[in-house]
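Me: I am new to reading protein structures and would love some company. Could you take a close look at one part with me, the places where rings meet charges or other rings, and then link that to what lies around it?

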Amino acid sequence: MLTLKYIRENTEEVIRRLAVKHFDGSVIIAKIIELDDKRKAIQLQLDNNLAEQNRIAKEIGKLFSEGMSAEANAAKAKSAELKELSKNLSQELKEVEDEQIKLLLQVPNLPHESVPQGVSASDNVVVRSGGDIPILHEKALPHWDLASKYNIIDFELGVKITGSGFPVYRGKGAKLQRALINFFLDYNTAAGYEEVEPPHMVNEDSAYATGQLPDKDGQMYHVTADGFYMIPTAEVPVTNIYRDVILHAAMLPIKLTAYTPCFRREAGSYGKDVRGLNRLHQFDKVEIVQIQHPDRSYETLEEMVNHVEGLLKKLELPYRIVKLCGGDMSFTSALTYDFEVFSAAQHKWLEVSSVSNFESFQANRMMLRFKEEGDKKAQLAHTLNGSSLALPRIVAALLENNQTPHGIKIPKALQPYCGFDKIDL
């Protein structure tokens, strides 16, 4: 959430930068400022009213002690009027503040000045690429056919048990999932990330704090009886560990990693892009989160990008890194790099990670602050996160790119985790 102070002091800049995300902020920003002016006026009136009440309260006792009962009773009547007025002003103030917060929650984060102009993914900018695109044999299969051939993923059984988008992993398919999770976690912890195991459901406050609500309300699974939400990413519970916390600057950066299943309704998704593992309602992902000093967050973003790139190199997958344009960015992000791997049998690039800097946007929502040594005033921290990595499309690319007429080869880095070097019949 943008701060009121920043919006008031940089109104034209806010509107200009929101336009990069194709968000017309002119009306809503004007309304927020109008409500802020109204809030200040009501607060001033309330403060003056309360001060007058206090003055009269002191006067009443003095008047009674001096035998001036008529004047004292008149002052009591005036005090009662002021109390009623204060009550009404307090209610009005709350209504204005609630309306203002509701509007602020609808305003996206400002994109960084380096974000490219653009409308969709076709306007994203390739930063760099690596790895070699494999040349497959004539009878190469897409991963959904490989999954059936080697009996490692059963999509139909998942439909029976739950529905479309909930596959069942079997045998070496299940072991490959577990191997990837452990490999990713070990890689992250070796880089200084503390492993945590968070809840897989969060309350409404947590979902608002990281920006999933209200923006992604329709995409989240809502356990209505309890008011909980199934997490769409470990970013939500992990970042919320520090909601309403004031840190010492010396504690920064805080580096956390977590494995969780992720749940997304993916409402409106259809067509060939949802085939197999390309788009699921439940999938596994390992996440990295950093809480950093504002002066160092963009340096940290580059560090996190390099970290994820190292994982893809170890998996020997052809990849590219793209900087997202304004039209393809998330509601909460200030700058995002996506990682894509090439799926040789599908002849397409698949997104497997997003690494983002949210600056103070999430921190302001969750009141995540820090203090410099000797400073009395706390300031907002910066939050960053990245997939490290999401499994489904990684698995799809590993199966497709490493297939041979005699089985599917396992990359060397994964073999100690899998306990086998090939998936075969």
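Reply: Let's start with a definition: a charge is said to sit over a ring if NZ of Lys or CZ of Arg is within 6 Å of the ring centre and within 35 degrees of the ring normal. Keep in mind as we go that this is a predicted model.

With that rule in hand, look for Lys172. Its charged end sits over the ring of Phe420, 4.7 Å from the ring centre. You can find a second case at Tyr193, where Lys255 lies over the face of the ring, at 4.7 Å from its centre.

Now let's turn to rings that meet other rings. The count comes to four aromatic pairs. One of them is formed by Phe183 and Phe184, a tilted pair with 5.9 Å from centre to centre and 45° between the planes. The pair counts as tilted because its angle falls between the cut-offs of 30 degrees for stacked and 60 for edge-to-face. Phe183 is buried, with a relative accessible area of 6%, and Phe184 is buried too, at 0%. These two rings also belong to one aromatic cluster with Tyr417.

Another pair is made by Phe342 and Trp349: the ring centres are 5.2 Å apart and the planes stand at 70°, so this pair is edge-to-face. Here the partners differ in how they are covered, since Phe342 is buried at 13% relative accessible area, whereas Trp349 is partly exposed at 27%.

From the rings we can move on to the strands. Strand S12 covers residues 335-343 and runs antiparallel to S11, with five bridges joining them. If you want a landmark, find Tyr319, whose bridge partner in S12 is Val341. S11 also pairs with strand S1 (residues 125-130), again in the antiparallel sense and over five bridges. There, the partner of Val125 in S11 is Lys323. Four of the five residues of S11 (residues 319-323) are buried, so this strand is largely enclosed by the rest of the structure. As background, strands of a sheet pair through backbone hydrogen bonds, either parallel or antiparallel.

A further sheet is worth a visit. It is an open one of three strands in the order S5-S7-S6, with antiparallel pairing. Its edge strands are S5 (201-202) and S6 (222-223), each of which pairs on one side only. Two bridges hold the pairing of S5 with strand S7 (residues 228-230), and the partner of Val202 in S7 is Tyr229.

Let's finish with two helix residues that make a nice contrast. Ser297 is found in helix H10 (residues 297-314) and counts as buried, at 0% relative accessibility. Its side chain is joined to that of His382 by a polar contact of 2.8 Å. Leaving aside neighbours within four places in sequence, Ser297 is in contact with Gln292, Asn357, His382 and Leu384. Ala190, by comparison, is found in helix H7 (residues 172-190) and counts as exposed, because its relative accessibility is 71%. The C-alpha atoms of Ala190 and Arg128 are separated by 25 Å, and the two residues are 62 residues apart along the chain.

How values were computed: Residues are numbered from 1 along each chain as its sequence is written. This is a predicted model: local features need pLDDT of at least 70, side-chain atom pairs count only at pLDDT 80 or more; totals for chains, interfaces and linings use all residues. Side-chain values use heavy atoms; hydrogens and water are left out. Buried means under 20% relative accessible area, exposed over 50%, partly exposed in between (1.4 Å probe, protein chains only). Two strands pair if DSSP finds at least two bridges between them. A polar contact is a pair of N or O atoms within 3.5 Å; within protein, one must be able to donate a hydrogen and the other to accept it, and residues adjacent in sequence count only if both atoms are side-chain atoms. Contact means heavy atoms within 4.5 Å. Rings of Phe, Tyr and Trp (its six-membered ring) pair if their centres lie within 6.5 Å; planes under 30 degrees apart count as stacked, over 60 as edge-to-face and the rest as tilted.
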